[in-house]
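Good morning. I have one structure to go through today, and I will take it from the whole chain down to single residues. Please have a look at it first.

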Amino acid sequence: MDFRARVTALCRPLPGAEVSDPWGGGHDAWKVGGKIFALIGSWSPGVSVKCPDVETAAMLIEVGAAARAKYLHRSWVHLPDTTGVDELRHRILASYGLIVANLPKALRRDLMERA
């Protein structure tokens, strides 16, 4: 299974998760409530995800587990396509959870009912 398929397999079952290509050219922007939680670019291998804070992102970059996610806030990191499935799952679920936590209460309740 290629990397994009692994990311899709992890993102698709999440309540309310939708994928689109908002900029054209082959991006996969995984969203919940209209907010991106995972982003695969059209040419660079890997996936960008949100971290709880800038310090966590900096730590992941410092230890070599991730790189700076271009064009995104400093709390986002880019995980390489060599990231293990357990770490990939953990980072995608954490990013999803961070986005869901900041959605309006009614939308969060709706997502919980779908789970």
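Let me start with the surface. The chain has an accessible surface of about 6,600 Å², and carbon and sulfur atoms account for 56% of that surface. Please keep in mind that this is a predicted model.

Next, the overall dimensions. Along the principal axes, the C-alpha atoms fill a box of roughly 40 × 30 × 25 Å. Does the radius of gyration agree or disagree with that of a compact globule? For 115 residues, a compact globule would have a radius of gyration near 13 Å, and the chain has 14 Å, so the two agree.

How much of the chain is buried? Buried residues make up 38% of the 115 residues. As for contacts, take those with a separation of 6 or more: 47% of them are between residues 24 or more positions apart.

Now the secondary structure. The chain has four helices and six strands. Reading from the N terminus, the order is α-β-β-β-β-α-β-β-α-α.

With those elements in mind, we can turn to the empty spaces, beginning with the largest pocket. This pocket holds about 340 Å³ of space. Its lining is made of 16 residues, and the closest to the centre are Gly-41, Ser-44, Ser-48, Lys-70 and Tyr-71. Strands β3, residues 35-40, and β5, residues 67-68, each supply at least two residues of this lining. By type, the lining residues of the pocket divide into eight nonpolar, six polar and two charged.

There is also a closed space. How many cavities of 30 Å³ or more are there? The count is one. The largest cavity has a volume of about 30 Å³. The residues that line this cavity are Val-49, Lys-50, Cys-51, Pro-52, Arg-91 and Ala-94. Two elements, β4 (47-50) and α3, give two or more residues each to that lining. In the cavity lining, four residues are nonpolar, none is polar and two are charged.

That brings us to single residues, and I will begin with Ser-95 in helix α3, which covers residues 85-101. Is Ser-95 buried or exposed? Its relative accessible area is 0%, and buried means under 20%, so Ser-95 is buried. Leaving out residues up to four places away in sequence, Ser-95 touches Phe-37, Val-49 and Lys-50. Val-49 and Lys-50 have come up already, among the residues that line the largest cavity.

Back to the pocket for Tyr-71, one of the residues closest to the pocket centre. Tyr-71 is found in the loop between β5 and β6, where β6 is residues 76-79. The relative accessibility of Tyr-71 is 82%, and the cut-off for exposed is over 50%, so this residue counts as exposed. The backbone at this position deserves a remark. Most residues other than glycine have a negative phi. Tyr-71 is not a glycine, but its phi is positive, at about 70°.

Next, two loops. Ser-42 lies in the loop between β3 and β4. Its relative accessibility is 34%, so Ser-42 counts as partly exposed. Which residues are in contact with Ser-42, leaving aside its neighbours within four places in sequence? They are Gly-25, Gly-26 and His-27. Ser-42 can also be placed relative to Gly-24: the two are 18 residues apart in sequence, with their C-alpha atoms 8.7 Å apart in space.

Gly-25, one of those contacts of Ser-42, lies in the loop between β1 (18-20) and β2 (28-32). With a relative accessible area of 66%, Gly-25 is exposed. From Gly-25 to Gly-41 is 16 residues along the chain, and their C-alpha atoms are separated by 8.8 Å. Gly-41 is also one of the residues closest to the centre of the largest pocket.

My last residue is Met-112, in helix α4, residues 105-114. Is Met-112 buried or exposed? At 58% relative accessibility, Met-112 counts as exposed. Met-112 and Gly-16 are 96 residues apart in sequence, and 9.4 Å apart in space from C-alpha to C-alpha.

That is the end of the tour. I will take questions now.

How values were computed: Residues numbered from 1 in each chain as written. Predicted model: local features only at pLDDT ≥ 70, side-chain atom pairs only at ≥ 80, totals over all residues. Heavy atoms only, no water. Buried < 20%, exposed > 50% of the residue type's maximum accessible area, 1.4 Å probe, protein only. Contact = heavy atoms within 4.5 Å. 1 Å grid on protein atoms, 1.4 Å probe; cavity = no way out; pocket = protein on both sides within 12 Å on 5 of 7 lines; lining within 4 Å. Points joined across faces, edges and corners; volume = space filled by probe spheres on them. Nonpolar A, V, L, I, M, F, W, Y, C, P; charged D, E, K, R; others polar. Rg over C-alpha atoms; globule rule 2.2 N^0.38 Å. Areas by Shrake-Rupley, 256 points an atom, 1.4 Å probe, with all protein chains shown as cover.
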